[in-house]
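Biologist: I would like to go through a protein model with you. Can we take it step by step?

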Amino acid sequence: MKTAIPFPIPKSGVEVIWNHITRYRGGSVTRLVTQATPQPNGSFSLVYFQDQFVFRDKMKDYDPKNPGNILFYFKQKVTAPARLAGGVLLVHETLDQVKEPRSAWVYNAGQRRVRRAPQVSYDGPGTAADGLRTSDNLDMYNGAPDRYDWKLEGKKEMYIASDSYKLDDPEPQVHRHHQGRSHQPGSGALRAAPGMACGCHLEGRSASHLRQA
């Protein structure tokens, strides 16, 4: 199945947001995430997550004639610290969330109970963030865009890194100097592909707060 951008030439802020929400990220993703929530005195504790998600149209039982309203399935597991480890968030992300809000469940490892989690949306509290992060902060912005007034402030052309995995490979693409005390990527490790970055100056307003992306 081919993947396309909903609005190749966006004319409004909300169209840019839809491009972001539905952008290509591969069929499925597993990633490790570290979250820090700084306190007023500067102290913080790190929380470690394992995120997994798979897009509905990449699953074997997907029927393109009956696509349904599921965009992807998401699971987030807390792996550390020990007091939070084992907690799991499961989300069935719908495409039209005004018609059908996302379904979410939380597993509390201490209580060994699963419960529905309708608060996992919009400005509901983010996982293990002491109330300093909202659910829609994850991934720059996620979820339904209907509660905000999005304004596209401008567009500009940018060079976007492409196939940059070799930057993490120290040999043979890295030139080393002074017995390894300094190094820089070799030219062979650097590739750039021209692209259009829309929404670099995107502003979203709500009645309660202002978000700048």
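What follows is a set of questions and answers on this structure.

Biologist: What kind of model is this, and how many strands does the protein chain have?
Modeller: This is a predicted model. Reading along the sequence, the pattern is α-β-β-β-β-β-β-β-β-β-β-β-β-β. So the helix comes before the strands in that pattern. The count for the protein chain is 1 helix and 13 strands.

Biologist: What percentage of the residues of the protein chain count as buried?
Modeller: Buried means under 20% relative accessible area. The protein chain has 213 residues, and the part that counts as buried is 30%.

Biologist: Is proline 8 buried or exposed?
Modeller: Proline 8 lies in the segment before helix 1. The cut-off for exposed is over 50% relative accessible area. Proline 8 has 63% relative accessibility, so proline 8 counts as exposed.

Biologist: How far apart in space are proline 8 and asparagine 19?
Modeller: In sequence they are 11 residues apart. In space, C-alpha to C-alpha, the distance is 8.2 Å.

Biologist: Is isoleucine 17 buried or exposed?
Modeller: Isoleucine 17 has its place in helix 1, residues 13-21. Its relative accessibility is 2%. The cut-off for buried is under 20%, so isoleucine 17 counts as buried.

Biologist: How far apart in space are isoleucine 17 and leucine 152?
Modeller: Along the sequence, 135 residues separate isoleucine 17 and leucine 152. From C-alpha to C-alpha, the distance in space is 9.8 Å.

Biologist: Now the sheet. In what order do the 6 strands of the open sheet stand?
Modeller: The pairing in this sheet is antiparallel. The twist averages 20° from one strand to the next. The order of the strands is 1-2-3-4-5-6.

Biologist: Which strands stand at the edges?
Modeller: An edge strand here has a single partner strand, so one side is left without a neighbour in the sheet. That holds for two strands, 28-36 and 113-116. They are strand 1 and strand 6.

Biologist: How many bridges join strand 3 to strand 4?
Modeller: Strand 3 covers residues 70-80 and runs antiparallel to strand 4. One bridge pairs glutamine 76 with leucine 89 in strand 4. The number of bridges joining strand 3 to strand 4 is 7.

Biologist: Which residue in strand 5 stands opposite leucine 89?
Modeller: Strand 4 and strand 5 pair in the antiparallel sense over 5 bridges. Histidine 92 stands opposite serine 103 in strand 5. For leucine 89, the residue opposite is valine 106.

Biologist: Which residue in strand 6 stands opposite valine 106?
Modeller: Strand 5, residues 103-108, is joined to strand 6 by 4 bridges. In strand 6, arginine 116 is the bridge partner of tryptophan 105. Opposite valine 106 stands arginine 115.

Biologist: Which residue in the turn between strand 5 and strand 6 has a positive phi?
Modeller: Strand 5 and strand 6 form a hairpin with 4 residues between them. The positive phi is about 55°. The residue is arginine 112.

Biologist: On to the rings. How are phenylalanine 53 and phenylalanine 55 arranged as an aromatic pair?
Modeller: The whole structure has 7 aromatic pairs. In this one, the centres are 5.9 Å apart and the planes are at 75°. An angle over 60 degrees counts as edge-to-face, so this pair is edge-to-face.

Biologist: Are phenylalanine 53 and phenylalanine 55 buried or exposed?
Modeller: Phenylalanine 53 has a relative accessible area of 7%. Phenylalanine 55 has 6%. Each value is under 20%, so phenylalanine 53 counts as buried, and phenylalanine 55 likewise counts as buried.

Biologist: Which residues form one aromatic cluster?
Modeller: The pair of Phe53 and Phe55 belongs to this cluster. The full set is Phe53, Phe55, Phe72 and Phe74.

Biologist: At what distance from the ring centre of tyrosine 122 does arginine 147 lie?
Modeller: Arginine 147 lies over the face of tyrosine 122. The distance from the ring centre is 3.6 Å.

Biologist: Last, the cavity. How much space lies in the largest cavity, and which helix helps to line it?
Modeller: A search of the whole structure finds 1 cavity of 30 Å³ or more. Its space is about 40 Å³. Its lining includes Trp18, Ile21 and Leu71. At least two lining residues each come from strand 4 (88-94) and helix 1.

How values were computed. Residues numbered from 1 in each chain as written. Predicted model: local features only at pLDDT ≥ 70, side-chain atom pairs only at ≥ 80, totals over all residues. Heavy atoms only, no water. Phe/Tyr/Trp six-rings, centres within 6.5 Å; stacked < 30°, edge-to-face > 60°. Buried < 20%, exposed > 50% of the residue type's maximum accessible area, 1.4 Å probe, protein only. Lys NZ or Arg CZ within 6 Å of the ring centre and 35° of its normal. Pairing = 2+ DSSP bridges. Axes fitted to C-alpha atoms, helices over the stretch in contact; angles between N-to-C directions. 1 Å grid on protein atoms, 1.4 Å probe; cavity = no way out; pocket = protein on both sides within 12 Å on 5 of 7 lines; lining within 4 Å. Points joined across faces, edges and corners; volume = space filled by probe spheres on them.
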